Amino acid sequence: HQEHHSSTCALEENNVKAVRRSKEEKKLLRKQIKASHTLLKHEGIHTAPQPTRSLVVANGGLGNSVSREELSAALKEMGEMESLLMPPHKPYAFVTYRCEESALKAYTHLNGQKLQCGESSVMLYLAYVSSVTHEEEASVPLPEGLVLLEDFVSPEEEALLLAAVDWSSTNDDVTAQKALKHRRVKHYGFEFRYDNNNVDKDKPLPAGIPAECLPVLERCLRNGHINVMPDQLTVNQYESGQGIPPHVDTHSPFEDTILSLSLGAKTVMEFRHPDGRVVAVVLPGRSLLVMKGESRYVWTHGITPRKFDMVPACEQQSPDHVTPEPGTRSNLTLSKRGTRTSFTFRKIRLEPCRCAFTSACDSQGASSTPSPSTPPPPALPCCHADAARLEEEYVHRVYDAIASHFSSTRHSPWPRVCHFLSSLPPGSVLADVGCGNGKYLGVNPEMIVGCDRSSALVQICAERGFHAFVSDALNVPLRTASCDACISIAVIHHFSTEERRLAAVRELVRLLKPGGHALIYVWAFEQEYNKQRSKYLKDHNKEHHGKENLTKNTSEDRREPHGKSAMQNSGHLEEGYEPVDKKQDVGKVTDGKLSVHTNRTAFNTQDLLVPWHLKEGKKQGEEDHLTPVFHRYYHVFHQGELEQLCSQVDGVKVQSSYHDQGNWCVILEKD
Amino acid sequence: MKLLTHNMLTSHVKGVTKGYPLLIKATEVKVNEVEFNPQFVSRMIPKLEWGALVHAAEELGHRQDLPGELVQDFEKNEDFLKKVHRVLLEVEVIEGCLQCPESGREFPISKGIPNMLLNEDEV
């Protein structure tokens, strides 16, 4: 009796409430536990029928915003823990106890119980697992030229420095305090202008670097981090959820070494190299970041707007404060962001920059516009090889990655396509070039074979019992004049040059027997036709909440969803960033670069990247700040463009053309 | 890959003129039960390359007593149609490859799906 009482107390102490359950509640619990086992199996986690020392704790993961501290506190009560593994982004954790008895205790007391996490709670489901594999922690070196010095200033110095900045100042001329949408910025010495990402060297600000900063700067000089005293200071204040997009500090206005002092809360800064390497660096409060050489001239640095960062747990600090590669299982925990103030000290450069990193250097010919997104959007290809590479990256890889989610959204065949298929005479041989998940392969019972570039999608066709194979639409391994009809639905708009689009049409025509028909559908630039908005646009209002915007137009106010932070992809065009190059906003693409489209809005360029938000098994509309985004390349067609393209093909004529739900369509007849 | 599909496929390697039919090298073959539709089979037969079908069935060891030449009045011959149905729609190559008869290039078949993608230099 007494034992029971004390264990209940222990549980309550750790915010886990033991509840007496009714028969219905027990039944519901059994169902929920079964469901959690199914989900775990999908993740490749197989539960053991017999008790073991290790348990999987479903819903107790970093992906559920459960912190190591909270979970650990509850688990420690059950016995001595050997390890606690919390894989990044996952909705579960693994605990291994020293003995089976402790695991048994944990199972008995915590399975089906609520765990209090901050202001919310999660229902934990535990199950035994036979083993927990630890992956090797990948140790990532810091970018070349980057040094992080912890405890560079004392708490007293930190307080003095923070107090030296008067944010309430109304005298804008003195310090050039600007409200850059959300992040607060103040300049001293010289103003850094965000409209051209440069400094007016002839117009120094009345206020120079505050005297309070001198001891810190002298310390830097003494320790050899800098050779000359900086004469420009930019103070940035970031609230939780604010950040700064990746950028390289422009070469021409500033000398090599840049010092950044972090005060207040810690944050995670991401460094990206043009070759794709990414290094995430934890910047603790009162630390000094020294950027020199490659880390200053080539790597971009940025802070993803977030309210929580994943950082190494204190017991196991990674060397150099680098967070391990995503995907490696290491001791990570969630760290809530607080207000961080950075003091960035720079020396104004008087002569043009003569660094070795010419491709990033504005003094030596490179564009002074910092890259707004990383990796930078590709330019339109000018040759087949480039086109093939672009399509590989922005079409083929994407479809393979999103195949099952994509398939689940492609279930209703379009009526007019069905009509075309059904009106073919019996005994017809049909080919669906770019058949996707086989949506149309079951419409007409006649002989139809489908092909698609994505093996993942063709796999889905095979599972549905259809005849399909993997091939490219530019080279279909079917004999010339072997088909009575072909369809190409939403395919040709993925080819990135006119020549390739033409080649795709030619290939379709080649397959046709004399008198045969081809049906082609491509996405239309004009989404509104005859004053009718297409379904694509109409659904905009339903789906708007929670979607991330990746448009280059920053004029829209992009408020984050209430209460939660959208863990946005870095390289977002963020608050406070005004792009210099406004050519891409509307209308023609003058410099051949691709713009990223905002889903469910009208198109403003013909060649673009359309985001796809991958939802794996999650309910539609459910907010998930860990949703990956993929970009697919499209060339959307103007009215008349498809007919014009087809008219360049010999031996075929356009029998009819029409607009159908946001697509331009043609029916071709072979001579 | 079913033999109906095989009957349509050809090698499209650059420069190849005699790429049809593709040779089949199967390491795993399955026989499924598929609902028999005599009208469908009957309509398909005129569209097929009969010789290629028989040869393919033979390669897989599933020819049984399929004739080398089309029989007359096959539309009414249910026995015959059933044999064709079996070879056309029930026999399935799960693993193996298709080989271009002229260049020797092999196209893999995996999980029942032929991958006919060419490399850049073969296009």
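## Overall composition

Helices, of at least four residues, and strands, of at least two, are taken here as DSSP runs numbered from the N terminus. On that basis, chain A of this predicted model comprises 15 helices and 32 strands. Of the 671 residues in chain A, 53% are buried. Among the contacts in chain A with a separation of 6 or more, 70% involve residues 24 or more positions apart.

Chain B has four helices and four strands. Read from the N terminus, its elements follow the order α-β-α-α-α-β-β-β. Buried residues account for 49% of the 123 residues in chain B. Residues 24 or more positions apart supply 67% of the chain B contacts that have a separation of 6 or more.

## A five-stranded sheet in chain A

Five strands of chain A form an open sheet in the order E2-E3-E1-E5-E4, and their pairing is antiparallel. Strand E2 (81-85) and strand E4 (113-117) of chain A are the edge strands, each pairing on one side only. On average, and with direction ignored, neighbouring strands of this sheet are turned by 30 degrees against each other.

At one edge, E4(A) is joined by five bridges to strand E5 (residues 120-129) of chain A, the two running antiparallel. Within this pairing, Lys114(A) has Met123(A) of E5(A) as its bridge partner.

## Helices lying across the chain A sheet

Two helices of chain A are described here in relation to this sheet. Helix H3 (residues 68-76) of chain A lies across strand E1 (54-58), E2, strand E3 (92-97), E4 and E5 of chain A, and runs at about 150 degrees to E2(A). Helix H4 (residues 100-110) of chain A lies across E1, E3, E4 and E5 of chain A, at about 140 degrees to E5(A).

In H3(A), the buried residues are Arg68(A), Leu71(A), Ser72(A), Ala74(A) and Leu75(A). These residues lie on the same side of H3(A), because they cover an arc of only 165 degrees around the axis.

## The two faces of helix H10 in chain A

Helix H10 (residues 415-422) of chain A has Val417(A), Cys418(A), Phe420(A) and Leu421(A) as buried residues. Viewed down the axis of H10(A), the buried residues fall within an arc of 155 degrees and therefore line one face of the helix. The exposed residues Pro415(A) and His419(A) are carried on the face of H10(A) turned away from its buried side.

The packing partners of the buried residues of H10(A) are four strands of chain A: strand E21 (429-433), strand E24 (483-489), strand E25 (512-523) and strand E32 (663-670).

## The contact of helices H9 and H11 in chain A

Two packed helices are described by the angle between their axes and by the distance between those axes. For helix H9 (residues 384-408) and helix H11 (residues 455-463) of chain A, the axes come within 7 Å and cross at roughly 35 degrees.

H9(A) contributes Tyr399(A), Asp400(A), Ala403(A), Ser404(A), Phe406(A) and Ser407(A) to the contact, while H11(A) contributes Ser455(A), Ala456(A), Leu457(A) and Ile460(A). By character, the residues of the contact of H9(A) with H11(A) comprise six nonpolar, three polar and one charged.

## Cysteines

A disulfide is a covalent bond between the sulfur atoms of two cysteines. A search of the whole structure over all chains finds zero disulfides. Cys353(A) is in no disulfide, and the nearest cysteine sulfur, that of Cys361(A), is 3.7 Å away. The cut-off applied to a pair of cysteine sulfur atoms is within 2.5 Å.

Cys353(A) is buried, with a relative accessible area of 0%. Cys383(A), by contrast, is partly exposed, with a relative accessible area of 34%.

## The sheet of chain B

In chain B, four strands form an open sheet in the order E1-E2-E3-E4, with antiparallel pairing. Its edge strands are strand E1 (23-31) and strand E4 (113-114) of chain B, each of which pairs on one side only. Helix H4 (residues 78-90) of chain B packs on this sheet, where H4(B) touches E1 and strand E2 (91-99) of chain B. The direction of H4(B) makes about 60 degrees with that of E2(B).

Strand E3 (residues 106-110) of chain B pairs with E4(B) in the antiparallel sense over two bridges. Across this pairing, Ser110(B) stands opposite Ile113(B) in E4(B).

Methods:
Residues are numbered from 1 along each chain as its sequence is written. Chains are lettered from A and ligands numbered from 1 in the order in which they are written. This is a predicted model: local features need pLDDT of at least 70, side-chain atom pairs count only at pLDDT 80 or more; totals for chains, interfaces and linings use all residues. Side-chain values use heavy atoms; hydrogens and water are left out. Buried means under 20% relative accessible area, exposed over 50%, partly exposed in between (1.4 Å probe, protein chains only). The arc is that of the directions from the helix axis to the C-beta atoms. Contact means heavy atoms within 4.5 Å. Two strands pair if DSSP finds at least two bridges between them. Axes are lines fitted to C-alpha atoms, for helices over the stretch in contact, and angles run from 0 to 180 degrees between N-to-C directions. Ala, Val, Leu, Ile, Met, Phe, Trp, Tyr, Cys and Pro count as nonpolar, Asp, Glu, Lys and Arg as charged, and the others, Gly among them, as polar.
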